[in-house]
There are 4 protein chains.
Amino acid sequence: MRVGMIGVGRMGAGMAANLLQAGHELCVYNRSPEKAAALIAQGARAAASIADACGGDAVLSMLANDEAVESVVFADGGIAASLPAGALHISSSTISVALVERLTAAHRDVGQRFVAAPVFGRPHLAAAGQLFVIAAGEPAAIEAATPVLDAIGQKTFVVGETPQIANLIKISGNFLIASVMESLGEAMALVGKAGIDRRQYLEILTSTLFNAPVYSTYGGLVADGNFEPAGFAAPLGYKDIRLALAAADELRVPMPLASLLRDRFLTLLAQGGDHLDWSAIGGLAAKDAGVPYR
Amino acid sequence: MRVGMIGVGRMGAGMAANLLQAGHELCVYNRSPEKAAALIAQGARAAASIADACGGDAVLSMLANDEAVESVVFADGGIAASLPAGALHISSSTISVALVERLTAAHRDVGQRFVAAPVFGRPHLAAAGQLFVIAAGEPAAIEAATPVLDAIGQKTFVVGETPQIANLIKISGNFLIASVMESLGEAMALVGKAGIDRRQYLEILTSTLFNAPVYSTYGGLVADGNFEPAGFAAPLGYKDIRLALAAADELRVPMPLASLLRDRFLTLLAQGGDHLDWSAIGGLAAKDAGVPYR
Amino acid sequence: MRVGMIGVGRMGAGMAANLLQAGHELCVYNRSPEKAAALIAQGARAAASIADACGGDAVLSMLANDEAVESVVFADGGIAASLPAGALHISSSTISVALVERLTAAHRDVGQRFVAAPVFGRPHLAAAGQLFVIAAGEPAAIEAATPVLDAIGQKTFVVGETPQIANLIKISGNFLIASVMESLGEAMALVGKAGIDRRQYLEILTSTLFNAPVYSTYGGLVADGNFEPAGFAAPLGYKDIRLALAAADELRVPMPLASLLRDRFLTLLAQGGDHLDWSAIGGLAAKDAGVPYR
Amino acid sequence: MRVGMIGVGRMGAGMAANLLQAGHELCVYNRSPEKAAALIAQGARAAASIADACGGDAVLSMLANDEAVESVVFADGGIAASLPAGALHISSSTISVALVERLTAAHRDVGQRFVAAPVFGRPHLAAAGQLFVIAAGEPAAIEAATPVLDAIGQKTFVVGETPQIANLIKISGNFLIASVMESLGEAMALVGKAGIDRRQYLEILTSTLFNAPVYSTYGGLVADGNFEPAGFAAPLGYKDIRLALAAADELRVPMPLASLLRDRFLTLLAQGGDHLDWSAIGGLAAKDAGVPYR
């Protein structure tokens, strides 16, 4: 397929490389063009503009937040204005349910196809083509998107025909991950202050009931207080909890643990943690307890 | 070994059966003697009293809470008064750090050995001899306890020489489990109110980052609102969160998520949930959201 | 002064009546014109449009939320387009800090004067001209606004030259009021479940350290479970807590009590409480405790 | 009346002085005798022992916590063993509901009278005889206690015949005070970070809806970050919140705001705040927000 890729940051770069690897004809656009250089070297074409990236069968966007997606889609010369009727926009960004609803309507109005396909996985999984993809859209659009989704992920879950469903699942998944960080942060503050080695403690957890990647990956970061460099930066984690709370507002679902996480991220950022990994919220309980890691 | 078993409720019965299976000479005491009948039929001897159960090499106790353990150990004719010097008390109950400290001192004062060996696992794992055992005590005591611990569990983690360390790990582990229930409860209230099937949602979670027994087991209960009969009753879950908070008080570790869980259990009990499984706290978010499961 | 009044709902109607009473020449605009009838009968002129209400020295707006104010100010024929240069817009609505910043800039750009003047007080105080007014704006604008502010309130606090300061104080004040409701709700659930009469309890509180209107007014509503009809409806209270949290987001200030209040309002609304007074959040603790008021 | 006074710390000293002032024949006991010196100089007799203080018509105890009261009442030679039948014990300490129930039974069993009479007010009000007294007990006991209660307080509220009722009201009152500190702490962190002067902000609050001593007193401390020396030390505040939560456990009343306060006090103490006034919890929001007072 001829695929345009918009956004080749930490996650997008790995996804794009896998599109190339899978034999797709790739055209890359990034606001800061230097980030596209490595992909160009691997055979991608550099798009001169967003419109230029919209000339193929599909465009895949992977951007940081609602503002970035809105600008890329709705600006003059943006995706909505440039993509041919019948062509496909696959949105992998973690964005608000409200914006996905707006994208769905906008693309439909001009006869474009649209699939929401947010992903689970950190940058090294993106680079390995091992993401988990949560996809939603009309069956024909999903079918058209499949070669792209297959290239970037180890597995695609098709969750329905309404695109925002995929984003709600993604957002709630990030809420669950952050909940793991918080619970481990509190537990490790407790056992750590009692003199128990945090790494041995984690070893016990992950050998028993908690033998899932989410515990080993984030548990290791929390146990070691190893929050730099950021695999996924704290402001993005904060953004995702706010997206969960925004969806909860719309749906009228009180989520007190999400509220706690929001306050944790806010504390982290207020105290200068913008550059840290989002798992750094797992260090706040120890700090409150008077035994900060560093 | 000649082993006395005190407490053959839902968990203790399975543990005792595995002691028999492993060839130990078993003497069983239970406050309600009828609960021991099945074990007697399998070859255990019925103890006439606690003291009667303390005549062997070791006594293993598995009781509901601090009060039960205090009464069994410190009463006239209790374990402390009856166990010979050099013999071993293995305590598998989930009890407070403070009580374990007291047991440690009491046994040491009269020359008895003591091992704290709380376990992770629900009744079906106890019946299968597949518990995870967290053990702490003096090396010689641990060594003496090993044949017993091997019989009841699939794996023993020796975590130190100070018995209360084992209990703190057990207590914090139950806090982590309850945290999973709360996070799933909130996430499922959110996606469920949006019309997503909770079972499909759980399937996605457990196929990706959350593929651990704690998510599949408790996630299934929460997704189905299947809280009866109780595998582990809500009042016991409440007790364990209070034990975590009591330890946090002693160690001065603020644990806001534990506080939230405490309030959840209290709500559940205040509204008549004593007979429900502890995972029923995972149904409260949906109730708050105006979409209760039943 | 010749004053246009936009928005004569529960609060605005009382404020407008006091402007008439004080001798101002009043022109009234309301989206639902029948609400203006009583004021017309008292001598006000009915405005045919927003623009028609903008022909005097000043226009005072008292509307429900950001959306209403945005529409009244920025629409074609709205205040920004209709108010003569040098004339004054006084905004008494409880709206977001972000919107006040936008209003400030918009009015300045076209040479209009702007004062933010949110008020404390329920409808009966508005009717009595006994509101407390929190005002901020450039000194000359404040001076021009004084005859209007004097007419609607018993006292005006001038808090600075930056209009949004006044709104931040108003918003934080509503957060403090809601905090009182929550604390009283929990305390009364506790003592009430112990059999203490809630009214006698409140009497003790307000005779001692808590002898302020906020305790007697809201405490009485909570003690009696008297949440209908709404003096200030729950959705408005929810809006105000969200405004506080939005300001806290911007300023990066974690406010866990505000988060708790947000979840309380969300619970209230999710369970059908849109028509109740905002003090109804003070009944939720008793409900959680299994002893609902009704 | 001939009155024994046990406990003349910061609060008790003022209460004792007012008993002398009112003409009572006073006998004073304190664990650290030097604290009684000033009262001896004013005409009190020094008791050689607790029993020695129990020789009159009544004994009034004002102690720091449950442990102190238990020891003074139940020890060999304690109040229960020493007070003549028919004589009166007035307990003004802020202690647990459970201990008051135990005291009630113990005194009744040996024919002594008992009144629970906890007080509201800081040391300067104790010194001025201006406390508010919450009293509960059998009518005859209350009548007998009246001359003592009149001497120490500006007003006595008789709340029932069951002594623990008085303590529950006192405990819940301290919860309400701490709630005010928390809400002011969050509000002042918010407006303070926006550049608003905290003292001016407080002035507005206390001139309007919040004109109660609890706002002016604690609001002043919070606004100024003036937490030393402690009028009422943080560990005592923590104790009182724990008493509220213990009562809530017994009665099964979830109190999320009380849980938040517990975590605040725990944070304060974990970070070295034992010597600070309890209002120092009102400084934690600003600290979380990255703008600590000092």
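In the predicted model, A:Asp263 and A:Arg262 form a salt bridge in which the closest N and O atoms lie 3.3 Å apart. A:Asp263 has a relative accessibility of 8% and is therefore classed as buried. A:Arg262 is likewise assigned to the buried class because its relative accessibility is 4%. The pair belongs to a network of salt bridges that links A:Arg242, A:Arg262, A:Asp263 and C:Asp249. Over all chains, the count of salt bridges comes to 49.

A salt bridge in chain D involves residues of another exposure class. D:Arg45 pairs with D:Asp52, with the closest N and O atoms 3.2 Å apart. D:Arg45 is partly exposed, its relative accessible area being 43%. D:Asp52, at 27% relative accessibility, also counts as partly exposed. For the class of partly exposed residues, the relative accessible area lies between the bound of 20% for buried and that of 50% for exposed.

Chain A is divided by the domain assignment into domain 1, residues 2–161, and domain 2, residues 168–288. The C-alpha centres of these two domains are 28 Å apart. Contact between them involves 15 residues of domain 1 of chain A and 19 residues of domain 2 of chain A. The area buried between the two domains is about 1,200 Å², with 67% of it on carbon and sulfur atoms. On the side of domain 1 of chain A, A:Thr94, A:Phe120 and A:Arg122 account for 48% of the area buried against domain 2 of chain A, more than any other three residues.

One salt bridge is counted between domain 1 and domain 2 of chain A. A:Arg122 and A:Asp277 form a salt bridge, with a distance of 3.0 Å between the closest N and O atoms. The two residues come from distant parts of the chain and are 155 residues apart. A:Arg122 is located in the loop between β7 (119–120) and α7 (123–127) of chain A, whereas A:Asp277 is located in the loop between α13 (256–270) and α14 (284–288) of chain A. Both A:Arg122 and A:Asp277 are buried. Side chains that carry opposite charges can pair when their charged atoms come close. Six residue pairs in polar contact, with both residues at pLDDT 80 or more, are also counted between the two domains. The side of domain 1 of chain A that touches domain 2 of chain A is made up of nine nonpolar, three polar and three charged residues.

The interface of chain A and chain B takes 55 residues from chain A and 56 residues from chain B. These chains bury about 4,700 Å² between them, and carbon and sulfur atoms give 79% of this area. A:Leu176, A:Leu190 and A:Leu209 supply 15% of the area that chain A buries against chain B, more than any other three residues. Zero salt bridges are found across this interface, while 13 residue pairs, both at pLDDT 80 or more, are in polar contact. Elements of chain A that each supply at least two residues to the side touching chain B include the strands β8 (131–137) and β9 (153–160) and the helices α9 (163–193) and α10 (198–207). Among them are also α11 (213–224), α12 (234–251), α13 and α14 of chain A. With 19 residues, α9(A) gives the most to this side. By class, the side of chain A that touches chain B holds 41 nonpolar, eight polar and six charged residues.

Between chain C and chain B, eight residues of chain C are in contact with eight residues of chain B. The buried area is about 510 Å², of which 40% comes from carbon and sulfur atoms. C:Ala270, C:Gln271 and C:Asp288 lose the most area to chain B in chain C, together 66% of what that side buries. Across the interface of chain C and chain B, zero salt bridges are found. Four residue pairs, both at pLDDT 80 or more, are in polar contact across the interface of chain C and chain B. The elements that give two or more residues to the side of chain C touching chain B are α13 (256–270) and α14 (284–288) of chain C. This side of chain C has two nonpolar, three polar and three charged residues.

Key. Residues numbered from 1 in each chain as written. Chains lettered and ligands numbered in written order. Predicted model: local features only at pLDDT ≥ 70, side-chain atom pairs only at ≥ 80, totals over all residues. Heavy atoms only, no water. Domains from an automatic or database assignment. Contact = heavy atoms within 4.5 Å. Buried area = accessible area lost by both parts, 1.4 Å probe. Salt bridge = Lys/Arg side-chain N within 4 Å of Asp/Glu carboxyl O. Polar contact = N/O pair within 3.5 Å; in protein donor to acceptor, adjacent residues only side chain to side chain. Nonpolar A, V, L, I, M, F, W, Y, C, P; charged D, E, K, R; others polar. Helix = DSSP H or I, 4+ residues; strand = E, 2+ residues; numbered from the N terminus. Buried < 20%, exposed > 50% of the residue type's maximum accessible area, 1.4 Å probe, protein only.
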